[in-house]
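This report goes through the architecture of a two-chain protein model and the contacts within and between its parts.

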Amino acid sequence: MMAEVEGKSGVKSMNMIEAINSALDIMLKRDENTVIMGEDVGYFGGVFRATAGLQEKYGKTRVFDTPISECGIIGVGVGMAAYGLRPVPEIQFADYIYPGLDQLVSEAARIRYRSAEDYVCPMTVRSPFGGGIFGGQTHSQSPESMFTHICGIKTVIPSSPHDAKGLLIAAIEDNDPVVFFEPKRIYNGPFSGYYDRPVEPWSKHEDSQVPEDYYRIDLGKAKILREGEALTVLAYGTMVHVAQAVVAEVGIDAEIIDLRTLLPLDIETIEKSVEKTGRCMVIHEATRTSGFGAEIAALVQERCFYHLEAPVERVTGFDTPYPHSLEWAYFPGPIRIGQALEKIMKE
Amino acid sequence: MAKSAKSNIPPLKLHVPEPAFRPGDEADFSDIEVPPVDAIVRPDEAAAADSIKDLSFGLVRVLDDDAQASGSWNPGLTAEQLREMLRHMMLVRAFDDRMFRAQRQGKTSFYMKCTGEEATSVATTMALARDDMCFPSYRQQGILITRGYPLVQMMNQIYSNRGDHLLGRQLPIMYSAPEYGFFSISGNLTTQYPQAVGWAMASAAKGDSRISAVWCGEGSTAEGDFHSAMTFAAVYNAPVIMQVVNNQWAISSFSGFAGGERTTFAARAVGYGIAGLRVDGNDPLAVYSAMRWAADRARTNNGPTLIEYFTYRAEGHSTSDDPSAYRAAEEYAKWPLGDPVERLKAHLMAIGEWDDDRHQAQHDELQKTVREEQKKAEEKGTLGHGLHHPFDTMFTDVYEDMPWHLQEQCEQMLEEQRTKFGPDWEPK
Ligand SMILES: Cc1ncc(C[n+]2csc(CCOP(=O)(O)OP(=O)(O)O)c2C)c(N)n1
């Protein structure tokens, strides 16, 4: 397998927050240059509790609260990286990353290139993203394609506790800036998209079984969650679980692939699958126009055109700000995915 | 220690602020200096910013410990005006309690109270002209209540229901009310700051007589937008009043994480060369008076003012927060500047214009009003119980005219509803 596990202590059932906390804990312990900062991450341990207990364990110069300035957080991260640290800033919600964009886009992303490697920026910006929690338009956004559009940044989105830990460790060890978006809807349990059904805890899901020690999942490697022949379904984050639930419900022999890293993209796994199935659907919660699905559609038609039996299908959020009361009419849930499945299989 | 550190030089140290008290500690605010009334006498509204720097470091007060109003900052309000102020503040409090409870009852997703900070939105609004423009953060519900915005409309917004004038699009409490001089609230902190300055610049450029006022928390002053706003306000001498509600806490971060360990927030004005006032935010008369001074100053082309209200966030940050995880219990009970409602009540009683019975009667009456308005609002639905705005409103107002792709997506969404609710389903 891709996971490289070290040590021999056990495996523990964790939710996604606990797995992220474990990854941060391990990296703080392994590398004294790792530092964590962000709004409310210190004493309090973060509004989602991802950094709980870490300040107490590693001290205030390794894990600390910051002023409410995303520009400052990312900017000082670039400076700390220039000194030789490995900053892991948290942006409280992805919706609040925008004041830090100049530092990310013009600085962190390009410093290696513009200085011909005189300087690099091994920084991992963690941020909860995505909707499904009635958070309204400023606690629900999925801005990943803004970052995949920037050259010099890697974009990673886990879909389970197990992957979250291994990917976060790999992201922190990576010598380039990484944006690590955490689907907050599935922090405490996977989400089928059937919002009116009871919530399942992670403990019932096999990917809640997380090795307690160090392991990494290499960036740029997708994961085939279900092998199938009828079509290829590409998803990431929360939508992985919705896709699995719908495929099971419809009873179609889909190959479901969790992309996990959007950039660098595991094109090999995608190509192989689409060449086999001849059909490709990509699902994301983010808005449609210029979304990551557009990139996938372009790549698949460029590389697999002669294998395709139907146009690449995109299932996405609508091109509106994330609404509050109409959240479930907005969310690309089972009905939208089901209709798209029907359409792509008819061709 | 770093390998590169020179052994003959003491190592550098990173300072990370730490609040004085954490859970389990006994809070003790005896080091907070509360100067006497008129420690700094009220200057002329046209005074040069340079000549009044000390106001950025003082504390404007009107009510003394015996609840008497005195000194040069005493705005001399009539008993009727004082009672009106008290009534608005009590209504804000009653409203907050009710809506907080509604959230706990599952009727909406979120709520934020302003308990302990009522004076900073009520007294300030009373000192403005009715047509001055307000750019609030999320904690100034007192502006709307003071300007008489219908409570039921606020509740409709909180419930995201059929009556919500914002069509259920915004998180609860993110109101918008142009007829009441109230700008649309953003969830992104401090964005309203440069916008308020821009509004004031426009008003000045057009030779208007209206000014603007903007609010944010002390934590939000760390955002770049705050500093951009200060620069523009100073450069263009904009008729704007920039207010920092220093309630000591920004979620779990104390004011030290916005620079509060080193100087006051009002002192930010000094570096930009504009007027700064630091005010007892729990003294409604001082708050009124400071705002009046700044408003008169702005309206007479004497430029912008930065006001810091020194106050305390008596409750959690929001319904999603539990402050017992990060600050000492009982802090509010020990807060040396008291409670604004209690202080105004005591003042009215001290001047013989109020009594306990009237207070209790008003309390009961306001509770009843809020309950009645709540009933009306709930007839139009609560969040998640069906009575939302029609589905297609999701797609309107993204642009003035709906482009083809949104029209297609709207059709698709309606088709999805038909799949869900059956072929006979009609969009309403
Ligand atoms: C740009 C941005 N960053 C972060 C947040 C998350 N957030 C919401 S409120 C808040 C604390 C604000 O504190 P303060 O400005 O002191 O105002 P208070 O809540 O005390 O009134 C934070 C960090 C946000 N809404 N917007």
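The sections below take the domains, the sheets, the interfaces and some local features in turn.

**Domains**

The structure is a predicted model. The domain assignment splits chain A into domain 1, residues 11–211, and domain 2, residues 223–346. Their C-alpha centres are 25 Å apart, and the contact between them involves 35 residues of domain 1 and 30 residues of domain 2. Chain B also has two assigned domains: domain 1 covers 49–314 + 328–378, and domain 2 covers 390–421. In chain B the centres of domain 1 and domain 2, taken over C-alpha atoms, are separated by 38 Å.

**The sheet of chain A**

Chain A contains an open sheet of five strands with mixed pairing, in the order β11-β13-β12-β15-β16. The edge positions are held by β11 (223–226) and β16 (313–317) of chain A; each has a single partner strand, so one side of each lacks a neighbour in the sheet. From one strand to the next the twist averages 25°. β11(A) and β13(A) run antiparallel and are joined by three bridges. One bridge partnership pairs A:Ile224 with A:Ile257 in β13(A). Helix α12(A) packs on this sheet, where it touches β12 (231–235), β15 (280–287) and β16 of chain A, and its direction makes about 170° with that of β16(A).

**The sheet of chain B**

In chain B, five strands form an open sheet with parallel pairing, and their order is β1-β2-β3-β7-β6. Here β1 (133–135) and β6 (275–280) of chain B are the edge strands; each has a single partner strand, so one side of each is without a neighbour in the sheet. The twist averages 20° from one strand to the next. Strands β2 (residues 212–217) and β3 (residues 240–246) of chain B run parallel and are joined by six bridges. Within this pair, B:Ala213 stands opposite B:Ile241 of β3(B). Helix α8 (residues 284–299) of chain B lies across β2, β3, β6 and β7 (305–310) of chain B, at about 165° to β6(B).

**The interface between chain A and chain B**

How many residues of each chain take part in the contact between chain A and chain B? Chain A contributes 41 residues and chain B contributes 50. The area buried between the two chains is about 3,700 Å², and carbon and sulfur atoms give 60% of this area. Of the area that chain A buries against chain B, 18% is supplied by A:Tyr43, A:Ile68 and A:His324, more than by any other three residues.

Two salt bridges are found across this interface. B:Glu18 forms a salt bridge with A:Lys60. There are also 16 residue pairs in polar contact between chain A and chain B. On the side of chain A that touches chain B, the elements giving two or more residues are β4 (63–65), α3 (70–83), α11 (327–330) and α12 (334–346) of chain A. The largest share, three residues, comes from α12(A). This helix also packs on the sheet of chain A.

**The interface between the domains of chain A**

Domain 1 and domain 2 of chain A bury about 2,800 Å² between them, with 59% from carbon and sulfur atoms. The count between these domains is four salt bridges. For polar contacts, the count between them is 14 residue pairs. Domain 1 of chain A gives two or more residues to the side touching domain 2 from each of α6 (144–148), β7 (154–156) and α7 of chain A.

**Salt bridges**

Side chains of opposite charge can pair when their charged atoms come close. Over all chains, the whole structure has 46 salt bridges. The table gives some of them.

| Residue | Partner | N to O distance |
|---|---|---|
| B:Glu18 | A:Lys60 | 3.3 Å |
| A:Arg260 | A:Asp163 | 3.2 Å |
| A:Arg197 | A:Glu249 | 3.2 Å |

The side chains of A:Arg260 and A:Asp163 meet in a salt bridge. This pair links distant parts of the chain, 97 residues apart: A:Arg260 is in the loop between β13 (254–258) and β14 (261–263) of chain A, and A:Asp163 is in helix α7 (residues 161–173) of chain A.

**Backbone features of chain A**

The peptide bond from A:Leu263 to A:Pro264 is cis, its omega being near 0°. A:Pro264 lies in the loop between β14 and α9 (267–277) of chain A. A:Arg49, a residue other than glycine, has a positive phi near 70°. A:Arg49 belongs to the loop between β3 (34–38) and α2 (54–58) of chain A.

Definitions and conventions:
Residues numbered from 1 in each chain as written. Chains lettered and ligands numbered in written order. Predicted model: local features only at pLDDT ≥ 70, side-chain atom pairs only at ≥ 80, totals over all residues. Heavy atoms only, no water. Pairing = 2+ DSSP bridges. Helix = DSSP H or I, 4+ residues; strand = E, 2+ residues; numbered from the N terminus. Axes fitted to C-alpha atoms, helices over the stretch in contact; angles between N-to-C directions. Contact = heavy atoms within 4.5 Å. Domains from an automatic or database assignment. Buried area = accessible area lost by both parts, 1.4 Å probe. Polar contact = N/O pair within 3.5 Å; in protein donor to acceptor, adjacent residues only side chain to side chain.
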